[in-house]
Amino acid sequence: MKLAVGTIAAAAALLAAPAMAWEPTKPVEFIVPAGTGGGADQMARLLQGIIIKHKLMSQPLIIINKSGGAGA
């Protein structure tokens, strides 16, 4: 019984420890497989605005449009 309680306590202590968050060290390039102004581009720019507004990332998010190729 003591072993089970000890094991549960150790597992709870490990799970309660804060996780280290990964942060990018260089600007992040967001590739949009469509031309400027389309739905995919608008969604990427919306995400970019949210990330900037709420300071979710310390590095800039750069939107890059690659039209042609039909998203392949």
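These legends walk you through several close-up views of one predicted model.

Residues are numbered from 1 along each chain as its sequence is written. Because this is a predicted model, local features need pLDDT of at least 70 and side-chain atom pairs count only at pLDDT 80 or more, while totals for chains, interfaces and linings use all residues, and side-chain values use heavy atoms, with hydrogens and water left out.

**View 1. The whole protein follows the pattern α-β-α-β along its sequence.**
Start by finding the two helices and two strands. Helices (H or I, at least four residues) and strands (E, at least two) are DSSP runs, numbered from the N terminus. Buried residues make up 10% of the 72 residues; here buried means under 20% relative accessible area, exposed means over 50%, and partly exposed is in between, with a 1.4 Å probe and protein chains only. The protein exposes about 5900 Å², and carbon and sulfur atoms supply 69% of that. These areas come from the Shrake-Rupley method with a 1.4 Å probe, and for residues only the protein chains shown count as cover. Now think about who touches whom: among contacts between residues at least 6 apart in sequence, 69% join residues at least 24 apart. A contact means heavy atoms within 4.5 Å.

**View 2. Helix 2 has a buried side and a face turned away from it.**
Helix 2 runs over residues 39–53. Its 15 residues reach 21 Å from the first C-alpha to the last, close to the 21 Å expected at 1.5 Å a residue. That expected span is 1.5 Å times one less than the number of residues. Which residues of helix 2 are buried? They are Asp 41, Ala 44 and Gln 48. They cover an arc of only 65° around the axis, so they sit on the same side of helix 2. The arc is taken from the directions from the helix axis to the C-beta atoms. What do these buried residues pack against? They pack against strand 1 and strand 2. Swing over to the face turned away from the buried side, and you meet the exposed residues Gly 39, Gln 42 and Lys 53.

**View 3. Gln 48 is one of the buried residues of helix 2.**
Zoom in on Gln 48, which counts as buried at 18% relative accessibility. Leaving aside neighbours within four places in sequence, Gln 48 is in contact with Leu 61 and Ile 63. Strand 2 covers residues 61–65, so you can look for both partners there.

**View 4. Asp 41 and Arg 45 meet in a salt bridge.**A salt bridge is a side-chain nitrogen of Lys or Arg within 4 Å of a carboxyl oxygen of Asp or Glu, and by this rule the count comes to one. The N to O distance between the side chains of Arg 45 and Asp 41 is 3.1 Å. Why are these two residues about one helical turn apart? Because they are four residues apart in helix 2. Asp 41 is buried, with a relative accessible area of 5%, whereas Arg 45 is partly exposed at 36%. Not counting residues up to four places away in sequence, Asp 41 also touches Val 32, Gly 35, Thr 36, Ile 63 and Asn 65.

**View 5. Gly 35 lies in the loop between strand 1 and helix 2.**
Strand 1 spans 28–32, and Gly 35 comes in the loop after that strand. Gly 35 counts as partly exposed, at 30% relative accessibility. How many residues apart along the chain are Gly 35 and Asn 65? They are 30 residues apart, and their C-alpha atoms are separated by 5.7 Å. With residues up to four places away in sequence not counted, Gly 35 touches Asp 41, Asn 65 and Ser 67.

**View 6. Lys 55 follows helix 2 and has a positive phi.**
Look in the loop between helix 2 and strand 2 to find Lys 55. Its phi is near 50°, a positive value in a residue other than glycine. Is Lys 55 buried or exposed? At 73% relative accessibility, Lys 55 counts as exposed.

**View 7. Six side chains share a nonpolar patch on the surface.**
The patch is formed by Phe 30, Met 43, Leu 46, Leu 47, Ile 50 and Leu 56, with about 530 Å² of accessible area together. Patches are made of residues with over 30% relative accessible area and no salt bridge; like charges are joined within 9 Å, and nonpolar side chains (Val, Leu, Ile, Met, Phe, Trp, Tyr) within 5 Å. Helix 2 gives the most to this patch, with four residues. Take Ile 50 as an example: its place is in helix 2, and Ile 50 is partly exposed, with a relative accessible area of 37%.
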